[in-house]
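Reader: I am in my first year and am learning to read protein models. Could you choose one part of this chain and explain closely how it is placed among its neighbours?

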Amino acid sequence: MHPFMTYGGVVASEHYLASTIAAEILREGGNAVDASVVASLSLSTLLPHLSGLGGDFFALVKKGKEIRFIDGSGPSPSELSRDELFRRGFNEMPERGPLSITVPGYLDALYLMWRLYGKIEWSDLVSRVVKLSKGGFPVSKSLSEAVKLNRDLLSSDEGSSSTYLTIGVPGSHHMFKGLTKALEIISEDPREFYEGEIAQKIVNYVRKKGGLLSMDDLSNYRAGEGSPISAHIWGGVAYEMPPPTQGITTLHMMMLTEELDSPRSWGRLRRLIKISERAYSIRDRYLTDPKFMKVDVKKLLHPSILEGGATESINDGDTTFFSVIDQDGMIVAGIQSIFYAFGSGITEPTYQITLNCRASSFSLKEDHINRLEPRKRTLHTLSSLIFELDDDWYVIGTSGGHYRPQIHWWLSTNIFKFGMDLRESIDFPRAYFDPSKRILVVEEGLEIGKSDIKIDVRSYPSRLGVAALTCLRKDGLKIGCADVRGDGGCSGI
(Lines give C-alpha, C1' and ligand atoms only; values in the text may rest on other atoms or scores of the structure.)
Protein backbone atom coordinates (compact mmCIF):
# COMPACT_ATOMS: atom_id res chain seq x y z
CA MET A 1 0.00 0.00 0.00
CA HIS A 2 1.55 3.30 -1.10
CA PRO A 3 1.55 6.38 1.14
CA PHE A 4 -1.08 9.04 0.47
CA MET A 5 0.65 12.24 -0.68
CA THR A 6 -0.91 15.64 -1.31
CA TYR A 7 -0.24 19.36 -1.10
CA GLY A 8 -3.82 19.82 0.13
CA GLY A 9 -4.92 18.06 3.34
CA VAL A 10 -4.68 14.47 4.60
CA VAL A 11 -6.56 12.23 7.03
CA ALA A 12 -5.18 8.93 8.34
CA SER A 13 -7.28 6.68 10.56
CA GLU A 14 -8.09 3.08 11.39
CA HIS A 15 -11.17 3.04 9.13
CA TYR A 16 -11.25 4.12 5.49
CA LEU A 17 -14.81 5.48 5.77
CA ALA A 18 -13.87 7.73 8.69
CA SER A 19 -10.95 9.08 6.67
CA THR A 20 -13.13 9.55 3.58
CA ILE A 21 -15.92 11.44 5.36
CA ALA A 22 -13.42 13.61 7.25
CA ALA A 23 -11.63 14.46 4.00
CA GLU A 24 -14.94 15.73 2.60
CA ILE A 25 -14.94 18.32 5.39
CA LEU A 26 -11.48 19.49 4.32
CA ARG A 27 -12.69 19.66 0.72
CA GLU A 28 -15.53 21.95 1.80
CA GLY A 29 -13.20 24.39 3.53
CA GLY A 30 -13.21 22.96 7.04
CA ASN A 31 -10.00 22.90 9.02
CA ALA A 32 -8.19 20.02 10.71
CA VAL A 33 -10.33 20.24 13.86
CA ASP A 34 -13.60 20.22 11.87
CA ALA A 35 -12.39 17.12 10.04
CA SER A 36 -11.26 15.59 13.33
CA VAL A 37 -14.74 15.91 14.88
CA VAL A 38 -16.13 13.93 11.95
CA ALA A 39 -13.28 11.39 11.93
CA SER A 40 -13.59 10.85 15.67
CA LEU A 41 -17.36 10.38 15.78
CA SER A 42 -17.21 8.17 12.67
CA LEU A 43 -14.62 5.91 14.33
CA SER A 44 -16.85 5.70 17.41
CA THR A 45 -19.67 4.52 15.15
CA LEU A 46 -17.69 2.18 12.91
CA LEU A 47 -15.36 0.69 15.56
CA PRO A 48 -17.42 0.69 18.77
CA HIS A 49 -15.27 -2.04 20.29
CA LEU A 50 -12.35 0.43 20.30
CA SER A 51 -13.92 3.77 21.18
CA GLY A 52 -17.20 5.56 21.69
CA LEU A 53 -19.23 8.20 23.49
CA GLY A 54 -18.72 6.27 26.74
CA GLY A 55 -14.94 6.56 26.58
CA ASP A 56 -12.04 9.02 26.60
CA PHE A 57 -10.48 11.41 24.08
CA PHE A 58 -7.16 13.24 23.95
CA ALA A 59 -5.60 15.40 21.25
CA LEU A 60 -2.56 17.46 20.41
CA VAL A 61 -3.51 20.41 18.20
CA LYS A 62 -0.83 22.38 16.34
CA LYS A 63 -1.93 25.74 14.94
CA GLY A 64 0.84 28.00 13.70
CA LYS A 65 3.76 27.65 16.11
CA GLU A 66 1.62 26.68 19.12
CA ILE A 67 0.73 23.15 20.22
CA ARG A 68 -2.08 22.60 22.74
CA PHE A 69 -3.29 19.53 24.63
CA ILE A 70 -6.98 18.57 24.90
CA ASP A 71 -7.63 16.39 27.96
CA GLY A 72 -10.73 14.18 27.91
CA SER A 73 -9.89 11.91 30.83
CA GLY A 74 -12.76 11.37 33.24
CA PRO A 75 -12.47 10.90 37.01
CA SER A 76 -13.69 8.01 39.11
CA PRO A 77 -17.27 8.33 40.44
CA SER A 78 -17.55 10.24 43.72
CA GLU A 79 -18.95 7.13 45.46
CA LEU A 80 -16.23 4.76 44.18
CA SER A 81 -13.66 4.20 46.93
CA ARG A 82 -11.28 1.52 48.13
CA ASP A 83 -13.42 0.96 51.22
CA GLU A 84 -16.52 0.44 49.07
CA LEU A 85 -14.75 -2.13 46.90
CA PHE A 86 -13.35 -3.93 49.94
CA ARG A 87 -16.87 -3.96 51.39
CA ARG A 88 -18.06 -5.65 48.21
CA GLY A 89 -15.38 -8.32 48.47
CA PHE A 90 -12.82 -7.05 45.94
CA ASN A 91 -9.09 -7.36 46.63
CA GLU A 92 -8.10 -5.68 43.36
CA MET A 93 -9.79 -3.45 40.81
CA PRO A 94 -12.31 -5.27 38.61
CA GLU A 95 -11.22 -5.29 34.97
CA ARG A 96 -14.79 -5.19 33.64
CA GLY A 97 -18.31 -4.55 34.81
CA PRO A 98 -20.11 -1.57 36.38
CA LEU A 99 -17.40 -0.81 38.96
CA SER A 100 -14.74 -0.38 36.27
CA ILE A 101 -16.45 2.70 34.78
CA THR A 102 -15.12 6.26 35.03
CA VAL A 103 -16.88 9.43 33.87
CA PRO A 104 -16.77 9.44 30.03
CA GLY A 105 -14.70 12.47 29.03
CA TYR A 106 -14.81 11.79 25.28
CA LEU A 107 -17.63 14.03 24.09
CA ASP A 108 -16.92 17.10 26.18
CA ALA A 109 -13.26 16.99 25.07
CA LEU A 110 -14.23 16.74 21.41
CA TYR A 111 -16.67 19.63 21.87
CA LEU A 112 -14.03 21.69 23.72
CA MET A 113 -11.55 21.19 20.87
CA TRP A 114 -14.20 22.31 18.38
CA ARG A 115 -15.14 25.38 20.44
CA LEU A 116 -11.50 26.45 20.54
CA TYR A 117 -10.59 25.81 16.91
CA GLY A 118 -13.55 24.74 14.73
CA LYS A 119 -14.91 26.73 11.77
CA ILE A 120 -17.92 24.74 10.53
CA GLU A 121 -21.03 24.56 12.73
CA TRP A 122 -20.97 21.68 15.24
CA SER A 123 -24.43 20.48 14.17
CA ASP A 124 -23.35 20.35 10.52
CA LEU A 125 -20.34 18.21 11.42
CA VAL A 126 -22.25 15.76 13.62
CA SER A 127 -25.00 15.46 10.99
CA ARG A 128 -22.45 13.79 8.65
CA VAL A 129 -21.99 11.02 11.20
CA VAL A 130 -25.75 10.80 11.85
CA LYS A 131 -26.13 10.09 8.14
CA LEU A 132 -23.50 7.34 8.34
CA SER A 133 -25.08 5.78 11.43
CA LYS A 134 -28.65 6.01 10.15
CA GLY A 135 -27.88 4.56 6.72
CA GLY A 136 -25.72 1.80 8.10
CA PHE A 137 -22.27 0.65 7.06
CA PRO A 138 -20.38 -2.51 6.03
CA VAL A 139 -19.06 -4.32 9.11
CA SER A 140 -15.26 -4.32 9.29
CA LYS A 141 -13.19 -7.44 9.91
CA SER A 142 -11.95 -5.85 13.15
CA LEU A 143 -15.47 -5.35 14.55
CA SER A 144 -16.77 -8.73 13.39
CA GLU A 145 -13.84 -10.57 15.00
CA ALA A 146 -14.13 -8.51 18.21
CA VAL A 147 -17.76 -9.57 18.60
CA LYS A 148 -16.79 -13.24 18.19
CA LEU A 149 -13.89 -13.00 20.64
CA ASN A 150 -15.95 -11.18 23.28
CA ARG A 151 -19.25 -13.03 22.89
CA ASP A 152 -19.30 -14.18 26.53
CA LEU A 153 -18.70 -10.65 27.81
CA LEU A 154 -21.38 -9.19 25.52
CA SER A 155 -23.86 -11.93 26.36
CA SER A 156 -23.60 -11.13 30.07
CA ASP A 157 -25.22 -7.69 29.64
CA GLU A 158 -28.61 -7.18 27.98
CA GLY A 159 -27.59 -3.78 26.56
CA SER A 160 -24.45 -5.20 24.98
CA SER A 161 -26.32 -8.27 23.74
CA SER A 162 -29.01 -6.26 21.95
CA THR A 163 -26.45 -3.80 20.55
CA TYR A 164 -23.72 -6.12 19.29
CA LEU A 165 -24.68 -9.76 18.99
CA THR A 166 -26.61 -9.17 15.75
CA ILE A 167 -23.41 -7.94 14.06
CA GLY A 168 -22.52 -10.31 11.24
CA VAL A 169 -19.58 -11.24 9.06
CA PRO A 170 -17.23 -8.68 7.49
CA GLY A 171 -19.05 -6.75 4.78
CA SER A 172 -22.53 -7.35 6.19
CA HIS A 173 -24.78 -4.31 6.62
CA HIS A 174 -25.28 -2.92 10.13
CA MET A 175 -26.72 0.19 11.77
CA PHE A 176 -27.04 1.47 15.34
CA LYS A 177 -30.50 2.99 15.75
CA GLY A 178 -29.98 3.98 19.38
CA LEU A 179 -26.61 5.57 18.72
CA THR A 180 -28.16 7.48 15.82
CA LYS A 181 -30.70 8.99 18.25
CA ALA A 182 -27.90 9.93 20.64
CA LEU A 183 -25.94 11.61 17.84
CA GLU A 184 -29.01 13.56 16.77
CA ILE A 185 -29.44 14.85 20.31
CA ILE A 186 -25.81 15.82 20.80
CA SER A 187 -25.68 17.51 17.39
CA GLU A 188 -27.96 20.15 18.95
CA ASP A 189 -26.38 20.20 22.43
CA PRO A 190 -23.48 17.95 23.51
CA ARG A 191 -24.13 18.73 27.18
CA GLU A 192 -27.31 16.62 26.89
CA PHE A 193 -24.93 13.69 27.22
CA TYR A 194 -23.92 14.96 30.68
CA GLU A 195 -27.04 16.73 31.92
CA GLY A 196 -30.06 15.53 29.90
CA GLU A 197 -31.96 12.36 29.12
CA ILE A 198 -28.90 10.51 27.80
CA ALA A 199 -27.11 11.11 31.10
CA GLN A 200 -30.11 9.92 33.09
CA LYS A 201 -30.41 6.74 31.03
CA ILE A 202 -26.70 5.97 31.50
CA VAL A 203 -26.79 6.58 35.26
CA ASN A 204 -29.98 4.54 35.75
CA TYR A 205 -28.60 1.60 33.80
CA VAL A 206 -25.16 1.60 35.44
CA ARG A 207 -26.66 1.81 38.92
CA LYS A 208 -29.14 -0.95 38.11
CA LYS A 209 -26.10 -3.07 37.27
CA GLY A 210 -24.47 -2.25 40.62
CA GLY A 211 -22.30 0.66 39.50
CA LEU A 212 -21.82 3.98 41.28
CA LEU A 213 -21.90 6.59 38.51
CA SER A 214 -24.21 9.51 39.44
CA MET A 215 -25.86 12.46 37.69
CA ASP A 216 -23.59 14.79 39.66
CA ASP A 217 -20.54 12.93 38.36
CA LEU A 218 -21.66 13.56 34.79
CA SER A 219 -23.06 17.08 35.13
CA ASN A 220 -19.96 18.35 36.96
CA TYR A 221 -17.56 17.06 34.31
CA ARG A 222 -15.61 19.45 32.08
CA ALA A 223 -12.77 18.50 29.76
CA GLY A 224 -9.47 20.34 30.12
CA GLU A 225 -6.95 22.15 27.96
CA GLY A 226 -3.25 22.63 28.58
CA SER A 227 0.27 22.37 27.21
CA PRO A 228 2.06 19.29 25.91
CA ILE A 229 5.32 18.08 27.41
CA SER A 230 8.43 18.17 25.25
CA ALA A 231 12.10 17.27 25.11
CA HIS A 232 15.01 17.99 22.76
CA ILE A 233 15.91 14.56 21.39
CA TRP A 234 17.91 13.29 18.38
CA GLY A 235 18.40 16.78 16.97
CA GLY A 236 14.68 17.60 17.01
CA VAL A 237 11.87 18.27 19.48
CA ALA A 238 9.47 15.56 20.63
CA TYR A 239 6.04 16.59 21.94
CA GLU A 240 3.88 14.22 23.96
CA MET A 241 0.78 14.33 26.14
CA PRO A 242 1.28 15.20 29.84
CA PRO A 243 -0.02 13.30 32.89
CA PRO A 244 -2.37 11.67 33.56
CA THR A 245 -1.29 10.10 30.24
CA GLN A 246 1.86 7.97 29.93
CA GLY A 247 3.25 10.29 27.24
CA ILE A 248 6.31 11.01 29.37
CA THR A 249 7.24 7.32 29.12
CA THR A 250 7.66 7.71 25.35
CA LEU A 251 10.00 10.66 25.94
CA HIS A 252 11.96 8.71 28.56
CA MET A 253 12.46 5.82 26.15
CA MET A 254 13.66 8.21 23.45
CA MET A 255 15.97 9.99 25.92
CA LEU A 256 17.53 6.64 26.84
CA THR A 257 18.31 5.85 23.18
CA GLU A 258 21.36 6.97 21.23
CA GLU A 259 23.00 4.44 18.95
CA LEU A 260 21.17 1.27 17.91
CA ASP A 261 22.16 -1.91 16.12
CA SER A 262 20.53 -2.77 12.80
CA PRO A 263 16.71 -2.62 12.75
CA ARG A 264 16.08 -6.41 12.84
CA SER A 265 18.86 -7.25 15.27
CA TRP A 266 18.80 -8.85 18.69
CA GLY A 267 20.80 -5.85 19.91
CA ARG A 268 17.86 -3.57 19.14
CA LEU A 269 15.45 -5.88 20.97
CA ARG A 270 17.83 -6.05 23.92
CA ARG A 271 17.87 -2.25 24.02
CA LEU A 272 14.05 -2.20 23.97
CA ILE A 273 14.01 -4.50 27.01
CA LYS A 274 16.51 -2.45 29.00
CA ILE A 275 14.98 0.97 28.40
CA SER A 276 11.41 -0.32 28.88
CA GLU A 277 12.35 -1.59 32.32
CA ARG A 278 13.70 1.81 33.30
CA ALA A 279 11.01 3.99 31.73
CA TYR A 280 8.07 1.93 33.00
CA SER A 281 9.48 1.80 36.53
CA ILE A 282 9.39 5.61 36.58
CA ARG A 283 5.86 5.63 35.19
CA ASP A 284 4.56 3.25 37.83
CA ARG A 285 6.30 5.08 40.65
CA TYR A 286 5.25 8.64 39.84
CA LEU A 287 2.41 8.98 37.28
CA THR A 288 -1.26 9.52 38.09
CA ASP A 289 -3.76 12.41 38.12
CA PRO A 290 -1.50 15.52 38.29
CA LYS A 291 -3.48 16.78 41.30
CA PHE A 292 -2.24 13.73 43.23
CA MET A 293 1.36 13.57 41.93
CA LYS A 294 4.23 14.14 44.37
CA VAL A 295 6.90 14.98 41.76
CA ASP A 296 6.25 17.60 39.08
CA VAL A 297 6.69 16.95 35.37
CA LYS A 298 9.76 19.19 34.99
CA LYS A 299 11.64 17.02 37.47
CA LEU A 300 10.41 13.87 35.75
CA LEU A 301 11.82 15.14 32.45
CA HIS A 302 15.28 15.71 33.94
CA PRO A 303 17.78 13.04 32.78
CA SER A 304 18.70 12.24 36.41
CA ILE A 305 15.31 10.57 36.91
CA LEU A 306 16.17 7.77 34.47
CA GLU A 307 17.16 4.99 36.85
CA GLY A 308 15.75 1.51 37.42
CA GLY A 309 13.08 0.03 39.71
CA ALA A 310 10.18 -2.37 39.98
CA THR A 311 7.29 -2.34 37.53
CA GLU A 312 3.61 -3.04 38.04
CA SER A 313 1.84 -5.73 36.06
CA ILE A 314 0.54 -4.31 32.79
CA ASN A 315 -2.11 -5.43 30.34
CA ASP A 316 -2.88 -4.75 26.70
CA GLY A 317 -5.73 -2.48 25.68
CA ASP A 318 -7.65 -1.33 22.63
CA THR A 319 -7.70 2.17 21.21
CA THR A 320 -8.00 3.97 17.90
CA PHE A 321 -5.82 6.84 16.68
CA PHE A 322 -6.25 9.31 13.83
CA SER A 323 -4.33 12.26 12.45
CA VAL A 324 -5.44 15.19 10.28
CA ILE A 325 -3.26 17.80 8.57
CA ASP A 326 -5.22 20.45 6.72
CA GLN A 327 -4.28 22.60 3.72
CA ASP A 328 -2.98 25.37 6.01
CA GLY A 329 -0.71 23.06 7.99
CA MET A 330 -2.89 22.75 11.10
CA ILE A 331 -2.31 19.35 12.74
CA VAL A 332 -4.50 17.22 14.99
CA ALA A 333 -3.25 14.02 16.62
CA GLY A 334 -6.36 12.46 18.18
CA ILE A 335 -6.67 9.29 20.22
CA GLN A 336 -9.75 7.73 21.80
CA SER A 337 -10.67 4.57 23.67
CA ILE A 338 -12.98 2.66 25.97
CA PHE A 339 -9.85 0.78 27.14
CA TYR A 340 -10.32 -2.98 26.64
CA ALA A 341 -12.42 -4.21 23.70
CA PHE A 342 -16.03 -3.19 24.46
CA GLY A 343 -14.82 -1.48 27.63
CA SER A 344 -16.70 -2.45 30.77
CA GLY A 345 -19.03 -4.70 28.77
CA ILE A 346 -21.91 -2.51 30.01
CA THR A 347 -23.97 -0.84 27.24
CA GLU A 348 -26.91 1.47 27.91
CA PRO A 349 -29.52 -0.07 25.58
CA THR A 350 -31.65 2.94 24.59
CA TYR A 351 -28.79 4.94 23.12
CA GLN A 352 -26.36 2.01 22.65
CA ILE A 353 -23.56 3.71 24.56
CA THR A 354 -20.89 1.31 25.82
CA LEU A 355 -19.12 2.50 28.95
CA ASN A 356 -15.36 2.38 29.43
CA CYS A 357 -13.47 0.26 31.95
CA ARG A 358 -10.78 2.87 32.64
CA ALA A 359 -11.07 2.55 36.45
CA SER A 360 -9.48 -0.90 36.12
CA SER A 361 -6.11 0.90 35.90
CA PHE A 362 -6.34 2.09 39.51
CA SER A 363 -4.58 0.23 42.31
CA LEU A 364 -6.19 -0.78 45.60
CA LYS A 365 -2.81 -0.70 47.38
CA GLU A 366 -2.85 2.04 50.00
CA ASP A 367 0.69 3.26 49.30
CA HIS A 368 0.41 3.25 45.48
CA ILE A 369 0.63 6.62 43.72
CA ASN A 370 -2.21 5.55 41.39
CA ARG A 371 -4.45 4.18 44.16
CA LEU A 372 -8.20 4.52 43.75
CA GLU A 373 -9.73 7.65 45.29
CA PRO A 374 -13.09 9.33 44.59
CA ARG A 375 -13.06 11.93 41.75
CA LYS A 376 -9.52 10.97 40.74
CA ARG A 377 -8.24 10.37 37.23
CA THR A 378 -6.20 7.23 36.76
CA LEU A 379 -2.89 6.85 34.97
CA HIS A 380 -3.93 6.91 31.32
CA THR A 381 -2.49 4.76 28.55
CA LEU A 382 -3.59 7.10 25.73
CA SER A 383 -0.96 9.39 24.21
CA SER A 384 0.27 10.70 20.84
CA LEU A 385 3.69 11.78 19.61
CA ILE A 386 4.54 14.78 17.42
CA PHE A 387 8.19 15.16 16.37
CA GLU A 388 9.69 18.21 14.68
CA LEU A 389 12.99 17.81 12.85
CA ASP A 390 14.43 20.46 10.52
CA ASP A 391 10.98 22.08 10.09
CA ASP A 392 9.36 18.79 9.07
CA TRP A 393 6.55 17.64 11.40
CA TYR A 394 5.84 13.95 12.04
CA VAL A 395 2.73 12.61 13.79
CA ILE A 396 2.88 9.11 15.31
CA GLY A 397 0.02 7.28 17.01
CA THR A 398 -1.12 3.72 17.63
CA SER A 399 -3.32 1.40 19.59
CA GLY A 400 -1.49 -0.76 22.11
CA GLY A 401 -2.63 0.13 25.62
CA HIS A 402 0.23 0.11 28.14
CA TYR A 403 2.66 -0.83 25.35
CA ARG A 404 1.97 2.38 23.39
CA PRO A 405 5.22 4.16 24.41
CA GLN A 406 7.20 1.17 23.15
CA ILE A 407 5.43 1.24 19.77
CA HIS A 408 5.94 5.02 19.55
CA TRP A 409 9.62 4.39 20.27
CA TRP A 410 9.79 1.59 17.71
CA LEU A 411 8.19 3.64 14.94
CA SER A 412 10.23 6.75 15.70
CA THR A 413 13.52 4.83 15.74
CA ASN A 414 12.52 3.27 12.41
CA ILE A 415 12.20 6.77 10.95
CA PHE A 416 14.84 8.83 12.77
CA LYS A 417 17.49 6.21 13.57
CA PHE A 418 17.22 3.86 10.61
CA GLY A 419 16.09 6.30 7.91
CA MET A 420 12.92 4.48 6.90
CA ASP A 421 10.16 6.38 5.13
CA LEU A 422 6.68 6.38 6.66
CA ARG A 423 5.45 3.37 4.71
CA GLU A 424 8.52 1.26 5.49
CA SER A 425 8.34 2.28 9.15
CA ILE A 426 4.72 1.31 9.64
CA ASP A 427 5.03 -1.99 7.73
CA PHE A 428 8.24 -3.07 9.49
CA PRO A 429 7.84 -5.90 12.07
CA ARG A 430 7.49 -4.78 15.71
CA ALA A 431 8.13 -6.00 19.20
CA TYR A 432 7.16 -5.07 22.73
CA PHE A 433 8.24 -6.13 26.19
CA ASP A 434 6.22 -6.69 29.35
CA PRO A 435 8.65 -5.78 32.17
CA SER A 436 6.48 -7.29 34.91
CA LYS A 437 6.02 -10.71 33.31
CA ARG A 438 9.41 -10.72 31.52
CA ILE A 439 7.76 -11.52 28.17
CA LEU A 440 9.10 -10.23 24.84
CA VAL A 441 6.51 -10.41 22.06
CA VAL A 442 7.83 -10.17 18.48
CA GLU A 443 6.35 -10.16 15.03
CA GLU A 444 7.85 -12.39 12.35
CA GLY A 445 11.00 -11.08 10.71
CA LEU A 446 13.04 -10.01 13.75
CA GLU A 447 16.17 -11.78 14.98
CA ILE A 448 15.79 -13.55 18.33
CA GLY A 449 19.17 -13.94 20.01
CA LYS A 450 20.38 -15.75 23.09
CA SER A 451 21.62 -13.66 25.98
CA ASP A 452 21.99 -13.42 29.72
CA ILE A 453 18.57 -11.72 29.98
CA LYS A 454 16.01 -14.09 31.46
CA ILE A 455 12.89 -13.57 29.40
CA ASP A 456 10.14 -15.53 27.71
CA VAL A 457 10.04 -14.82 23.95
CA ARG A 458 6.77 -15.25 22.07
CA SER A 459 6.29 -14.75 18.35
CA TYR A 460 3.16 -13.15 16.98
CA PRO A 461 2.06 -13.27 13.35
CA SER A 462 1.57 -9.51 12.83
CA ARG A 463 -0.68 -7.21 14.87
CA LEU A 464 1.22 -5.43 17.61
CA GLY A 465 -0.68 -2.16 17.62
CA VAL A 466 -2.53 -0.53 14.74
CA ALA A 467 -0.75 2.71 13.87
CA ALA A 468 -1.23 5.77 11.68
CA LEU A 469 1.51 8.14 10.59
CA THR A 470 1.37 11.55 8.94
CA CYS A 471 4.02 14.09 7.99
CA LEU A 472 3.96 17.77 7.09
CA ARG A 473 7.11 18.62 5.17
CA LYS A 474 8.48 22.15 5.07
CA ASP A 475 7.75 22.32 1.33
CA GLY A 476 4.01 21.83 2.07
CA LEU A 477 3.76 18.16 1.11
CA LYS A 478 1.51 16.11 3.40
CA ILE A 479 2.00 12.34 3.68
CA GLY A 480 -0.31 9.82 5.33
CA CYS A 481 0.05 6.11 6.06
CA ALA A 482 -2.47 3.74 7.68
CA ASP A 483 -1.45 0.40 9.12
CA VAL A 484 -1.96 -2.82 7.17
CA ARG A 485 -2.58 -4.46 10.56
CA GLY A 486 -6.02 -2.81 10.77
CA ASP A 487 -8.89 -1.74 8.51
CA GLY A 488 -7.49 1.75 8.05
CA GLY A 489 -7.00 4.06 5.16
CA CYS A 490 -6.00 7.58 4.20
CA SER A 491 -7.89 10.20 2.27
CA GLY A 492 -7.45 13.87 1.52
CA ILE A 493 -7.63 16.65 -1.00
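Author: A helix is here a DSSP run of H or I with at least four residues, a strand is a run of E with at least two, and both are numbered from the N terminus. The part chosen is helix H16, to which Ile 415 belongs. Before the details, two remarks on the source are needed. The model is predicted, and residues are numbered from 1 along each chain as its sequence is written. Local features need pLDDT of at least 70 and side-chain atom pairs pLDDT 80 or more, while totals for chains, interfaces and linings use all residues, and side-chain values use heavy atoms, with hydrogens and water left out.

The setting comes first. The protein chain contains 17 helices and 21 strands. Its radius of gyration (taken over C-alpha atoms) is 21 Å, close to the 23 Å that the globule rule (2.2 Å times the number of residues to the power 0.38) gives for 493 residues, so the chain is as compact as a globular protein of that length. The C-alpha trace extends over about 55 × 55 × 40 Å along its principal axes. Of the 493 residues, 65% are buried, where buried means under 20% relative accessible area, exposed means over 50%, and partly exposed lies in between (1.4 Å probe, protein chains only). A contact means heavy atoms within 4.5 Å. Among contacts in the protein chain with a separation of 6 or more, 72% join residues 24 or more positions apart.

Helix H16 covers residues 404-416. A helix can be studied through the helices that pack on it, and two packed helices are described by the angle between their axes and the distance between the axes. The axes are lines fitted to C-alpha atoms, for helices over the stretch in contact, and the angles run from 0 to 180 degrees between N-to-C directions.

One partner is helix H13, residues 247-255. Its axis is 8 Å from that of H16, and the two helices pack at an angle of about 45 degrees. Angles under 35 degrees count as roughly parallel, over 145 as roughly antiparallel, 65 to 115 as roughly perpendicular and the rest as oblique; H13 and H16 are therefore oblique to each other. Their crossing is right-handed, that is, the near helix is turned clockwise from the far one by less than a right angle, whereas an anticlockwise turn would be left-handed. H13 contributes Thr 249, Thr 250, Met 253 and Met 254 to the contact, and H16 contributes Pro 405, Gln 406, His 408, Trp 409 and Ser 412. These residues comprise 4 nonpolar, 5 polar and no charged ones. In this classification Ala, Val, Leu, Ile, Met, Phe, Trp, Tyr, Cys and Pro are nonpolar, Asp, Glu, Lys and Arg are charged, and the others, Gly among them, are polar.

The loop between strand S9 (236-240) and H13 also deserves a glance, as it holds Pro 244. The peptide bond joining Pro 243 and Pro 244 is cis, with omega at about 20 degrees.

Another partner of H16 is helix H14, residues 266-286. Here the axes are 11 Å apart and the packing angle is about 135 degrees, which makes H14 oblique to H16. This crossing, too, is right-handed. From H14 come Arg 268, Leu 269, Leu 272, Ile 275, Ser 276 and Tyr 280, and from H16 come Arg 404, Pro 405, Gln 406, Trp 409, Trp 410, Thr 413 and Asn 414. The contact divides into 7 nonpolar, 4 polar and 2 charged residues. Pro 405, Gln 406 and Trp 409 of H16 thus take part in the contact with H13 and also in the contact with H14.

Finally, consider Ile 415 itself, a residue of H16. With a relative accessible area of 9%, Ile 415 is buried. Leaving aside residues up to four places away in sequence, Ile 415 touches Tyr 394, Ile 396, Met 420, Leu 422, Ser 425 and Leu 469. Ile 426 lies 11 residues from Ile 415 along the chain, and the C-alpha atoms of the two are 9.4 Å apart.

To summarise, H16 packs obliquely against H13 and obliquely against H14, and it carries Ile 415, a buried residue.
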